[in-house]
Amino acid sequence: MPIFMICSTLLAVIVVAYYILKKYNPIFVFFLSGIILLIFAFYITGTPIPKAPSREHTSFLNVLLDSYAFITATFKSQLSGVGLIIMSVAGFAVYMKHINASAKLAFLANKPLGKIKNKYLILSGTFVVGMALKIVISSYAGLLLLLLACIYPVLISLKIRPITAVCVLSLIALDYGPKDGNSINMADMVGQSDNVVGLFLNYQIYSVIAYVVAIAILIPFYFAWIDKRDKEKGVLNDEVEIPQIIDPKCPTFYILFPWLPVVFLFTAYFFTIKLDVVTANFVSISLVFLVEFARHRNARKLGEDIMVILKAMAEIFISVVSIIIAAGVFAEGIKALGGVNILANAVSNLGTGNFAWFGILLSIAILSFLVYFATVIMGSGIAAFNAFGKLAPDIATKLGVAPITLVLPIEIASCLGRAASPIAGGIIALAGFAKVAPMDIIKRTTPLLLIAMLVNVLVAFYLAQTNPLPKEQNTTKIELKIQK
């Protein structure tokens with residue numbers, strides 16, 4: 001039976017991956033496969049369908065209705081929780097773009113770069129500035145487009161090759177911070193949706209700093225060598241026209257607006273004031289509305305602006321929240337098969353006593369690289385992160401480590417995998433701007449991204465070693481499983 005459960009779990013993952021690779025809609029694939037797996041597991045392994053009402057008779061019709069009831073319950077919980085949070089973040093971000101506040105911030109951020117004389121140090125500076133902006137401009141593709149408009153022309157005017165410039169921009173890849181959708185989703189996975197700031201300060205910031213330091217140090221040496229190699233081969237060395245640098249039309253103080261939710265969240269955290277991300281975003285929008293009204297004296301414009309925000313919230317529901325919900329159903333189906341539970345027990349038993357670290361390191365490495373390569377294939381980290389990230393807390397509990405220490409490296413891996421995917425939207429945009437093939441970017445950045453993956457695994461392993469799961473919590477979970 002255990003072999004059958006493991007094989008059926010692996011087969012389910014392979015079949016789903018196959019159809020996603022064939023460009024089937026991942027939302028449809030996840031929902032359909034999730035329902036099938038839940039029903040299959042109910043009859044084969046006897047696993048009850050989650051959140052199903054108690055029934056005297058378990059006919060096939062009742063089981064089918066219970067599986068749909070689980071989807072309904074998942075929609076309700078996500079839309080009132082992490083889904084609403086991500087939608088509010090997207091609405092605020094698009095509004096900042098609409099009033100040119102985020103573009104102005106990116107435009108002014110490039111000014112210090114002009115004072116650096118070595119062009120390869122400028123590339124490192126660009127990377128660091130871009131990663132700093134990521135905490136307030138959470139969209140990977142959105143930030144890249146802003147940097148293409150504001151910083152890319154500066155790099156080209158300093159005689160930096162277009163291919164090198166876009167390669168460095170592509171490395172501004174990590175999603176992090178208390179108002180980032182991935183971070184919010186990660187907090188929800190580990191049952192700490194109301195502690196996004198705490199998770200950032202106590203865990204995520206270490207992974208981000210390690211990544212920024214490692215890549216910033218490597219950029220000058222690596223790209224100097226890449227440029228020299230390309231020059232000798234006569235590859236991608238054509239002269240290019242320098243694009244015009246456009247100063248966005250809005251007051252300079254507007255660069256403060258994108259920071260408002262972050263400032264509110266950090267202030268509330270340090271002063272122990274209860275403030276959620278949704279409220280922080282809506283309060284920030286209201287304050288900006290007041291400034292916009294004072295500036296334009298036009299109430300009709302505010303009515304148009306609110307529609308921009310609501311449309312952005314609807315679009316992020318389609319592109320992100322719906323995938324999170326669907327992947328959650330699929331992940332529950334995978335868990336119901338029992339194969340993941342068996343593999344997790346096997347991995348946790350690989351290292352015991354003084355060698356317990358081996359099982360932890362192996363689990364972090366396997367799950368991280370699994371999500372990394374899945375994201376490279378899919379072009380989006382959302383599906384891979386949610387499909388495997390929701391399984392990680394149970395595995396972490398078996399390993400005796402805090403769930404965040406296993407979910408965090410998976411989240412980082414999904415970001416790095418997106419930067420290594422030739423079909424990711426951001427990479428395609430960069431390639432089109434520099435007039436090169438997406439694979440030209442990927443070939444040059446993959447060595448750095450693999451080094452970043454190694455750094456990610458090592459930092460996560462350190463965090464896991466220093467943040468064991470409290471014995472009481474571990475014992476409680478085991479006792480509950482025995483009672484079941």
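This is a short tour of the structure above, one selection at a time. Keep in mind that you are looking at a predicted model.

**Stop 1: the second largest pocket**

Start with the second largest pocket, which has a volume of about 1000 Å³. To get to the middle, select Ser138, Ser139, Tyr140, Ile316 and Val320; of the 43 lining residues, these are the closest to the pocket's centre. Now colour the elements that give two or more residues to the lining: helix H4 (82–98), helix H7 (140–150), H10, helix H14 (299–337), H17, helix H19 (404–419) and helix H20 (425–434). Which element gives the largest share of this lining? That would be H4, with eight residues. If you colour the lining by residue type, you should get 22 nonpolar, 15 polar and six charged residues.

**Stop 2: Ser88, on H4**

Stay on H4 and pick Ser88, which sits in that helix. Is Ser88 buried or exposed? Its relative accessible area is 1%, so it counts as buried. To see what surrounds Ser88, show Val277, Val278, Asn281, Phe282 and Met313, its contacts once neighbours within four places in sequence are set aside. Two of the other stops below also touch on this part of the chain, so leave H4 coloured.

**Stop 3: helix H17**

Next, select residues 381–389, which make up helix H17. Nine of its nine residues are buried, so the helix is largely enclosed by the rest of the structure. Show them as sticks if you want to check: Gly381, Ile382, Ala383, Ala384, Phe385, Asn386, Ala387, Phe388 and Gly389. H17 also belongs to the set of elements that give two or more residues to the lining of the second largest pocket.

**Stop 4: Asp175 and its partners**

Go to the loop between helix H9 (162–170) and helix H10 (181–189), and click on Asp175. This is an acidic side chain worth a close look. Asp175 counts as buried because its relative accessibility is 4%, and the cut-off for buried is under 20%. Which side chains make polar contacts with the side chain of Asp175? One is Asn182, at 3.3 Å. Another is Arg418, with a polar contact of 3.0 Å. For the wider surroundings, show Lys134, Ser138, Asp180, Asn182, Ser183, Gln204, Glu411, Cys415 and Arg418, which Asp175 touches when residues up to four places away in sequence are not counted. Ser138 should look familiar, since it was one of the residues closest to the centre of the second largest pocket.

**Stop 5: Gly181, on H10**

From there, move to Gly181, which is found in helix H10. At 18% relative accessibility, Gly181 counts as buried, because the limit is under 20%. Draw a distance from the C-alpha atom of Gly181 to that of Val82: you should get 8.4 Å, although the two residues are 99 apart along the chain.

**Stop 6: Tyr254**

Now find Tyr254, in the loop between helix H11 (196–233) and helix H12 (260–270). With a relative accessible area of 0%, Tyr254 is buried. Its side chain makes a polar contact of 2.4 Å with the side chain of Glu292. Leaving aside neighbours within four places in sequence, Tyr254 is in contact with Ile99, Ala101, Val291, Glu292 and Arg295. Add Met96 to the view as well: its C-alpha atom is 9.0 Å from that of Tyr254, and the two are 158 residues apart along the chain.

**Stop 7: two positive phi angles**

Two loop residues come next. Most residues other than glycine have a negative phi. Arg297, in the loop between helix H13 (277–296) and H14, has a positive phi of about 55°. Its relative accessible area is 66%, so Arg297 is exposed. Then jump to Lys435, in the loop between H20 and helix H21 (438–466). Lys435 has a positive phi of about 60°, and it is exposed too, at 74% relative accessible area.

**Stop 8: the cysteines**

Finish with the sulfurs. How many disulfides are there? The count is zero. Two cysteines to select are Cys7 and Cys250: Cys7 is partly exposed, with a relative accessible area of 45%, whereas Cys250 is buried, at 9%.

Key: Residues are numbered from 1 along each chain as its sequence is written. This is a predicted model: local features need pLDDT of at least 70, side-chain atom pairs count only at pLDDT 80 or more; totals for chains, interfaces and linings use all residues. Side-chain values use heavy atoms; hydrogens and water are left out. A disulfide is a pair of cysteine sulfur atoms within 2.5 Å. Buried means under 20% relative accessible area, exposed over 50%, partly exposed in between (1.4 Å probe, protein chains only). Helices (H or I, at least four residues) and strands (E, at least two) are DSSP runs, numbered from the N terminus. A polar contact is a pair of N or O atoms within 3.5 Å; within protein, one must be able to donate a hydrogen and the other to accept it, and residues adjacent in sequence count only if both atoms are side-chain atoms. Contact means heavy atoms within 4.5 Å. On a 1 Å grid over the protein atoms alone, a cavity is a set of points where a 1.4 Å probe fits but cannot get out, and a pocket is an open set with protein on both sides within 12 Å along at least five of seven lines; lining residues have an atom within 4 Å of a point. Grid points are joined across faces, edges and corners, and a volume is the space filled by probe spheres set on the points. Ala, Val, Leu, Ile, Met, Phe, Trp, Tyr, Cys and Pro count as nonpolar, Asp, Glu, Lys and Arg as charged, and the others, Gly among them, as polar.
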